[in-house]
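Me: I've got a model open and want to talk through how it packs. Can you take my questions one at a time?

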Amino acid sequence: MKKMYFIAIYPPEEIIEQIKEFKQDLAISFHNSKALKNDAHITLFPPFSREPELEEDIHVAFQKINTNLPPFEMELNGFGSFPNPKNPVIFVHPEDNIHLTDLYNRVKQQFRFAKYSFTPHMTVGYRDLSWENYLKAWEKYQHKEYKTKFLVDKILLLRHDGKWVPIAEKTFTETI
């Protein structure tokens, strides 16, 4: 049976907890509980499935990602959304960051088997968020203030074992 994997940046626990409060608000006020299942993160390579026997190949590719980078600051500023009527999403908005784009390109060099667009975000509401509730929630969140920043100094490889579990990490090796 295939397993699911993905690669991401996770903020510190205190930011995960702050963003969880927004997710809880969406669950209570807008009947959107699916986002509560995952901790806040920025996806660098979206979920993909592989046979467990091939997991070693995933680890090898993950270890080949060039992380000879200095840690960099990631700023989160306000909220954004993907206003798709079939699958609307509300997210915490990361500021544009050339270091994040560079990191994404380094991941993409080793994980080329899927084409996808890179739009960095930290999901707050999605999946079971109806279009009507999205419109109401977006009215509340589009002007809501939330600003913070954190240091990005590693990436994680995760596997879905009932929930997403980190199975490897790569720390940046270049010093500032």
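Reply: Sure, and keep in mind that this is a predicted model. A good place to start is the cluster that ring pairs build, whose members are Y5, F45, F48, Y104, F111, F113, Y116 and F118.

Me: Which ring does the charged end of R50 sit over?
Reply: For an arginine, the test is whether CZ comes within 6 Å of a ring centre and within 35 degrees of the ring normal. The charged end of R50 lies 4.2 Å from the centre of the ring in question. That ring is also part of the aromatic cluster, and it belongs to F113.

Me: How many aromatic pairs are there, and is the F22 and Y141 pair stacked or edge-to-face?
Reply: The count comes to 19 aromatic pairs. In the F22 and Y141 pair, the ring centres are 6.1 Å apart. Their planes meet at 90 degrees, and over 60 is what the label needs, so the pair is edge-to-face.

Me: How many residues apart in sequence are the parts that this pair ties together?
Reply: F22 sits in helix 1 (residues 13-30), while Y141 belongs to helix 4 (residues 131-141). Both F22 and Y141 are buried. Since they come from those two helices, the pair ties together parts whose separation in sequence is 119 residues.

Me: What about W131 and Y134: stacked or edge-to-face?
Reply: Both lie in helix 4, three residues apart, which is about one turn. An α-helix has 3.6 residues a turn, so residues three or four places apart point the same way. The ring centres of W131 and Y134 are 5.0 Å apart and the planes are at 25 degrees, so this pair is stacked.

Me: Is Y134 buried or exposed?
Reply: The cut-off for buried is under 20% relative accessible area. W131 has 27%, so W131 is partly exposed. Y134 has a relative accessible area of 2%, so Y134 is buried.

Me: On helix 2, where do the buried residues fall, and what covers them?
Reply: In helix 2 (residues 55-64), the buried residues are E55, I58, H59, A61 and F62. Looking down the axis, they fall within an arc of 165 degrees, so they line one face of the helix. E56, D57 and K64 are exposed on the other side. The cover over the buried residues includes strand 1 (3-9), strand 2 (42-50), helix 3 (98-110), strand 7 (154-160) and strand 8 (164-171).

Me: Is R106 buried or exposed, and what does R106 touch?
Reply: R106 lies in helix 3, and its relative accessibility is 16%, so R106 counts as buried. Its C-alpha is separated by 9.7 Å from that of L44, though the two are 62 residues apart along the chain. Leaving out residues up to four places away in sequence, R106 touches I65, N66, T67, N68 and L69.

Me: And T101, how far in space is T101 from V89?
Reply: T101 is in helix 3 too. At 38% relative accessibility, T101 counts as partly exposed. T101 and V89 are twelve residues apart in sequence, and C-alpha to C-alpha the distance is 21 Å.

Me: Last one: which element gives the most to the lining of the largest pocket?
Reply: That pocket holds about 890 Å³ of space. Of its 31 lining residues, H41, T43, P47, T123 and Y126 are the closest to its centre. The elements that give two or more residues to the lining are strand 1, strand 5 (122-125) and strand 2. With four residues, the most comes from strand 2.

Key. Residues numbered from 1 in each chain as written. Predicted model: local features only at pLDDT ≥ 70, side-chain atom pairs only at ≥ 80, totals over all residues. Heavy atoms only, no water. Buried < 20%, exposed > 50% of the residue type's maximum accessible area, 1.4 Å probe, protein only. Arc of directions from axis to C-beta. Contact = heavy atoms within 4.5 Å. Phe/Tyr/Trp six-rings, centres within 6.5 Å; stacked < 30°, edge-to-face > 60°. 1 Å grid on protein atoms, 1.4 Å probe; cavity = no way out; pocket = protein on both sides within 12 Å on 5 of 7 lines; lining within 4 Å. Points joined across faces, edges and corners; volume = space filled by probe spheres on them.
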